[in-house]
Amino acid sequence: MIYFDNSATTQPHPEVLQSYQQAATRYFANPSSVHQLGLEAEKLMEKTRESISDRLDVLPEEVVYTSGGTEANNIAVKGTAFQYRNRGKHLITTKVEHPSVMEAFKALEQMGFEVTYVKVDHTGRVNPEEIKKVIRKDTILISVMSVNNEIGTVQPIEEIGEIASHYPKLLFHVDHVQGVAKIPFSIRDFKVDLCTMSGHKIHGLKGTGLLYVRKGIRLFPLFHGGGHEGNLRSGTENLPGMVAFAKALRLVQEEKKDSHHHLMGIRNYLRKELSHFVKVNSPENGSPHILNISIPGLKPEVVVHALAERDIYISTKSACSSKEPDVSTVLAACGLDPEITTSALRISLSYRNSMGEAEVFIKQLEEVIRYLKR
Ligand SMILES: Cc1ncc(COP(=O)(O)O)c(C=O)c1O
């Protein structure tokens, strides 16, 4: 099997599964229970939070566990809007965000908020100056992803964070789901107020993720209940999931140190070889793990199925939105022609892929295209 669909989800690392099982078996008690088992679970929960916060160089109380990226993005966007609606009703984002951000903004528009969707250039990159231009007195939030999930564009988060920091009344949210351990990133140095991550994109488990919330920021909770996670996210904590997230984060950060060149090598090889026979849409300086290509004249799902028959797995644009009609809104926002935006495919890598797999992939894709065009 060649699995090149790692931006949709990754295979859980065996050590992550082991940690999950151990925590679920031994620390099954509710961390809120006052008996010994509950106290032990609570201790493990806080130790895990510390380990995650150390790795992210933030404070333990700034880490809010969630069920994944979608939930964290919704808490960040709607939680800010609801909490600060008396300050202002203007929100800023870009035209290329993930649906879990985009749809949250669309819902807020229906509730009377005003959203500015800032345009991107032909590589999918937003110009920080364009964001600066649209900030108003009543702007309360800027939300920009770190790495685009369809084409891998890396956004200028540091520059936008610098601009946002001059407006103390607005919050800066970054959807960092695709960027974790892939690009240089610092929550503190980039002056990020809210930051989303997801476990299953880093060889962790589905249903795990977190929202970083800078100390002192209050958000309106989307779930009300027992007041867990600093009142922001009620519901009995998924302790084994958190333990699994911490393990996945440690492993992916450690692996990154050793294998960043390896990943870049595979991507650059793929890019060079693919450009001989398909259109490569991802920018040269994009994230090392995502390559978006278009094969005009062929339906993307037909190519995906033909490759799957050969035990090779890639995506049509992004798995999260692949049930919608097959126009890539991200590629459309980059100004590309319909023949490109309707024929896009995404190859997404992990540190665990090999150069050998890339070589086989190129040969197989060439064969598939030849066969389908005939
Ligand atoms: C950029 C981005 N944000 C958010 C999400 C949603 O994350 P989750 O699947 O953990 O809900 C994804 C998933 O593909 C993503 O790529």
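User: In what order do the seven strands of the open sheet stand?
Analyst: This is a predicted model, where local features need pLDDT of at least 70, side-chain atom pairs count only at pLDDT 80 or more, and totals for chains, interfaces and linings use all residues. Residues are numbered from 1 along each chain as its sequence is written, and side-chain values use heavy atoms, with hydrogens and water left out. Strands are DSSP runs (E, at least two residues; helices are H or I, at least four), numbered from the N terminus, and two strands pair if DSSP finds at least two bridges between them. Pairing is mixed, and the order is β2-β8-β7-β6-β5-β3-β4.

User: Which strands have one side without a neighbour in the sheet, and why?
Analyst: A strand with a single partner stands at the edge, so one side is left without a neighbour. That applies to β2 (63-66) and β4 (114-118).

User: Which residue in β5 stands opposite Leu91?
Analyst: Strands β3 (residues 90-94) and β5 (residues 139-145) run parallel, joined by three bridges. Opposite Leu91 stands Leu141.

User: Which helix gives the most to the largest nonpolar core?
Analyst: A nonpolar core is a set of buried Ala, Val, Leu, Ile, Met, Phe, Trp, Tyr and Cys residues joined through side-chain atoms within 4.5 Å. Buried means under 20% relative accessible area (1.4 Å probe, protein chains only). The largest core has 81 residues, with Ile142 and Leu270 among those with the most contacts inside it. With 14 residues, the top contributor is helix α7 (residues 239-274).

User: How many residues does the second, separate core have?
Analyst: This core includes Ala72, Leu91, Val115 and Val213. Its count is 24 residues.

Key. Buried < 20%, exposed > 50% of the residue type's maximum accessible area, 1.4 Å probe, protein only.
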